[in-house]
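Subject: The structure for you to look through

Hi,

Here is the structure I promised to pass on to you. Have a look at it in your viewer first, and then read on for what I found.

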Amino acid sequence: FTLPGANMGFWPLGPLLRRAGGITIRRTFKDDPIYKLALREYFGYLVAGRTNLEWYIEGGRSRTGKLRPPRFGLLRYLLDAIQQNRADDAILVPVSINYDHLPEVQSMAAEEHGAEKRPEGIGWLVRYVRQQRRHVGEVHVRFGEPLALSEGLALGGSSVSNPRLAVERIAFEVCDRIDRATPVLANALVTLALLGVRGRALTLDQARALIAPLLDYVMRRGLPTSGLEGLRTPEGSRRILDALKDAGLLTCYAGGAEPVYFIPPGQHNVAAFYRNNAIHWFVNRAIVELGFLYVAERGGGDPREEAWKEALRLRDLLKFEFFFAAKHAFADQLLAEMALIDPSWQSYLGAPEPARVLLGKTGFLVAHHVLRSFLESYLVVADLLDKEDPDREFDESAFVARCVSVGKQYQMQGLLVDPEAVSREGFLNGLKLAANRGLIGPENLTQRAARRREFKTQLEVVLARVAAIDQIETRRIKDDHVHP
């Protein structure tokens, strides 16, 4: 049985879905106790019958290409059913689904940029069917490591005595296993490289020079991949770039000495969707780069200890965007990243110039490619919160709409570097972080203005380091003659 949203229940799709095992449910129902009770009981009935169930743990499709934070409701009902002895156990099978090209990304990216979502209906269904006539690449389905619910209850000391904590830890473990099963696709590496050059057009050789170190990094880490072989040759790279051009993601100008490729205006959020499919594989690398720069600027103290503290601050800053391992595993992951950069990395810590030299000779840097758009979204949130009356009643919908409008203004003024920073989901995650820090709600009223300003200052400081990473990378590229 599949569990699509109630928005898919329109005629004729709804009756067909129900006859094919579809159970259309509302997206939100926390204020309807009768609906909640009926769904919980029906879920328990399905579990007792040992049926297979499939649903999106995010509560819906990602609109940015990146795995969203999980919703806990259906998982909670599954745990209830097991605890009520309706079944002995349940096996959760994480599944990653990625696309070479997804036609509806254009509309999803427009919605992230402020457009209204068009409701599903017969017209939508007809357009959807017509889109499927055109071959646009492959669907990549990968199954992660299964997790028994009984095993999940033991994660991190979770127990039935704290069911909410148990469900949250199980959900995040499932999401982490989905991320670990997600392959790096060619379109993700291409868009990761091209989004970082901010609108400049690249020849085939220039694009390959930017993509090659990313490809080497993926292979050195032994990450799951699919379809990357073509990026190793000029002919294969041209085929991949032309396929992205045919999909409308890239534009190719062939009127000069040789063709050049670039992401056209208005397509950055679309390109970011494909980049974000694999962005989680590069987040720790970006944190390591910023940590090196932090200790180089700061000086004093134990450089390794200071770098670790900064890594934890960045981890906390990004916890609503990405799934991080537990602290001990996170530390091991960062050490592995530093060893990949240079096995003698410790000799560079604590002095500004050596650390910059190390960053400049790594072959590639990713912090500006990976983190800037998310941090800039947060900065818009922090800036508007700083200007808000801390005593005024907070309206989330109105605030997000204002973030979109002001974000577009800041983008036009050049105050935001990455166009994809203007994103509803980015602003909502920034608000979650602000709420988590007590910057929204009835608490901490007397200190709120100062704490909101501190939040904004932290983001400005981190973004300054991201810009410094960008400058180091730009100089390296110029020295390597990647750009004319």
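Alanine 257 sits in the loop that links β8 (251-253) to β9 (260-262). Its relative accessibility is 88%, so alanine 257 counts as exposed. If you measure across the model from there, the C-alpha atoms of alanine 257 and arginine 315 are 46 Å apart, with their positions 58 residues apart along the chain. Please keep in mind that this is a predicted model.

Now for the whole chain. It has 20 helices and nine strands. Along the principal axes, its C-alpha atoms fill a box of roughly 65 × 55 × 45 Å. How does the radius of gyration compare with that of a compact globule? For 484 residues, such a globule would have a value near 23 Å, and the chain has 23 Å, so the two agree. Of the 484 residues, 50% count as buried. Another number I like concerns contacts between residues with a separation of 6 or more: 71% of them join residues 24 or more positions apart.

Next, try finding helix α17 (residues 372-387) and helix α19 (residues 424-436). Their axes are 8 Å apart and the helices pack at an angle of about 60 degrees. The two helices are therefore oblique to each other, and α17 passes α19 in a right-handed crossing. Which residues meet here? From α17 come Ser377, Tyr378, Val380, Val381 and Leu385, while α19 brings Gly426, Phe427, Asn429, Gly430, Leu431, Leu433 and Ala434. Sorted by class, this contact has eight nonpolar, four polar and no charged residues.

Two single residues are worth a stop in this part of the model. Serine 373 belongs to helix α17. Is serine 373 buried or exposed? It counts as buried, because its relative accessibility is 4%. Apart from its neighbours within four places in sequence, serine 373 is in contact with Arg275, Asp418, Glu420 and Ala421.

The other one is cysteine 403, which you will find in helix α18 (residues 396-412). With a relative accessibility of 0%, cysteine 403 counts as buried. Not counting residues up to four places away in sequence, cysteine 403 touches Val380, Val381, Leu384 and Phe427. Val380, Val381 and Phe427 may ring a bell, as they also take part in the contact of α17 with α19. You can also check the C-alpha atoms of cysteine 403 and aspartate 383, which are 20 residues apart along the chain and separated by 9.4 Å.

There is a second helix pair to look at. Helix α8 (residues 186-195) and helix α11 (residues 268-276) have axes that come within 7 Å and cross at roughly 130 degrees. That is why α8 counts as oblique to α11. Here α8 passes α11 in a left-handed crossing. On the α8 side, the contact is made by Asn187, Ala188, Thr191, Leu192 and Leu195, and on the α11 side by His268, Ala271, Ala272, Tyr274 and Arg275. By class, that gives six nonpolar, three polar and one charged residues. Arg275 has turned up before, among the contacts of serine 373.

Finally, a few details of the backbone. Most residues other than glycine have a negative phi, and most peptide bonds are trans. With that in mind, where does this chain have a cis peptide bond? One joins tryptophan 11 and proline 12, with omega at about 5 degrees. Proline 12 lies in the segment before α1 (13-19).

Then look at phi. Arginine 50 is not a glycine, and its phi is positive, near 60 degrees. You will find arginine 50 in the loop between α2 (33-48) and α3 (73-83), and its relative accessible area of 70% means that it is exposed. Asparagine 85 also has a positive phi without being a glycine, at about 65 degrees. Asparagine 85 lies in the loop between α3 and β1 (91-92), and it counts as exposed because its relative accessibility is 69%.

Enjoy exploring, and write back with any questions!

Best wishes

Technical notes. Residues are numbered from 1 along each chain as its sequence is written. This is a predicted model: local features need pLDDT of at least 70, side-chain atom pairs count only at pLDDT 80 or more; totals for chains, interfaces and linings use all residues. Side-chain values use heavy atoms; hydrogens and water are left out. Axes are lines fitted to C-alpha atoms, for helices over the stretch in contact, and angles run from 0 to 180 degrees between N-to-C directions. Helices (H or I, at least four residues) and strands (E, at least two) are DSSP runs, numbered from the N terminus. Angles under 35 degrees count as roughly parallel, over 145 as roughly antiparallel, 65 to 115 as roughly perpendicular and the rest as oblique. A crossing is left-handed if the near helix is turned anticlockwise from the far one by less than a right angle, and right-handed if clockwise. Contact means heavy atoms within 4.5 Å. Ala, Val, Leu, Ile, Met, Phe, Trp, Tyr, Cys and Pro count as nonpolar, Asp, Glu, Lys and Arg as charged, and the others, Gly among them, as polar. Buried means under 20% relative accessible area, exposed over 50%, partly exposed in between (1.4 Å probe, protein chains only). The radius of gyration is taken over C-alpha atoms; the globule rule is 2.2 Å times the number of residues to the power 0.38.
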